[in-house]
Amino acid sequence: GEIGDNHVAYTYASAGDLLAIYARLKRTGIEAYWPVHHGTTMSLYYADPDGNRMEFQVDCGTVQEATALMRTPAFASNPVGVMFDPDELLARFEAGEDEQTLLGQPAGPPSPIPAAHGLT
């Protein structure tokens, strides 16, 4: 019964680019409903007023690295990923932390899939 696209993804070239769009949207009052690091991507999910859901993401490695990760027991036990704090990550970026460190998946429990994601 919903109207709109459930998922459109936009890939950014770097963690810095992703965090810049996060900061710009936040300044205008637009908040991500789900910041999640999937292991293969670091993603921010947004919903617009028309019910469209968008993923803004950056790849966290090569296709070969992503494929290898998806074959691990760790990925099998948590294919959704781990939530992260985009404000904390933005502060680390602004402090000059390097790209590879920013792209690392944080430790934490498997993320729940929020109701706003439309998969309930």
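1. In this predicted model, aspartate 87 counts as partly exposed, at 36% relative accessibility. Its side chain meets that of lysine 26 in a salt bridge, with 2.8 Å from N to O. Because aspartate 87 belongs to helix α4 and lysine 26 to helix α1, the pair ties together parts that lie 61 residues apart in sequence. Lysine 26 is likewise partly exposed, its relative accessible area being 30%.

2. A search of the whole structure finds 3 salt bridges, and the aspartate 87 to lysine 26 pair is one of them. Arginine 92 forms a salt bridge with glutamate 88, where the closest N and O atoms are 3.5 Å apart, and a salt bridge with glutamate 97, where the corresponding distance is 2.6 Å. Salt bridges that share partners thus join Glu88, Arg92 and Glu97 into one network. Within helix α4, arginine 92 and glutamate 88 are separated by about one helical turn, because they are 4 residues apart. The members of the network are partly exposed, with relative accessibilities of 22% for arginine 92, 37% for glutamate 88 and 26% for glutamate 97.

3. Helix α1, which carries lysine 26, has 13 residues and reaches 18 Å from its first C-alpha to its last, close to the 18 Å expected at 1.5 Å a residue. Its buried residues are Ala15, Gly16, Leu18, Leu19, Ile21, Tyr22, Ala23 and Leu25, and what covers them includes the strands β1, β3 and β4 together with the helices α4 and α5 (99-102). Just after α1, glycine 29 takes a positive phi of about 90°.

4. The largest nonpolar core has 20 residues, of which Leu18, Met42, Leu44, Tyr46, Phe56, Leu89 and Leu103 touch the most other members. Two or more residues are given to this core by each of α1 (15-27), β3 (41-47), β4 and α4 (86-94), and the largest share, 7 residues, comes from α1. Such a grouping can be read against a general tendency: in soluble globular proteins, nonpolar side chains tend to be buried together.

5. Leucine 44 deserves a separate look. Leaving aside residues up to four places away in sequence, leucine 44 touches Leu18, Tyr22, Ala32, Trp34, Pro35, Met54, Glu55, Phe56, Phe84 and Pro86. Among these contacts, Leu18 and Tyr22 are buried residues of α1, while Leu18 and Phe56 are, with Leu44, among the core members that touch the most others.

6. The strands form an open sheet of 5, in the order β1-β4-β3-β2-β5 and with mixed pairing. At its edges stand β1 (8-12) and β5 (82-83), each with a single partner strand, so one side of each is left without a neighbour in the sheet. The partner of β5 is strand β2 (residues 34-37), and the two pair in the antiparallel sense over 2 bridges. In this pairing, valine 36 stands opposite methionine 83 of β5.

7. Arginine 53 lies in strand β4 (residues 53-59), and β4 sits between β1 and β3 in the order of the sheet. Is this arginine buried or exposed? Arginine 53 counts as buried because its relative accessible area is 9%, which falls under the 20% cut-off. The side chain of arginine 53 reaches the backbone oxygen of alanine 116 at 2.7 Å.

Terms used:
Residues numbered from 1 in each chain as written. Predicted model: local features only at pLDDT ≥ 70, side-chain atom pairs only at ≥ 80, totals over all residues. Heavy atoms only, no water. Buried < 20%, exposed > 50% of the residue type's maximum accessible area, 1.4 Å probe, protein only. Polar contact = N/O pair within 3.5 Å; in protein donor to acceptor, adjacent residues only side chain to side chain. Pairing = 2+ DSSP bridges. Core = buried A, V, L, I, M, F, W, Y, C linked by side-chain atoms within 4.5 Å. Contact = heavy atoms within 4.5 Å. Expected span 1.5 Å × (residues − 1). Salt bridge = Lys/Arg side-chain N within 4 Å of Asp/Glu carboxyl O.
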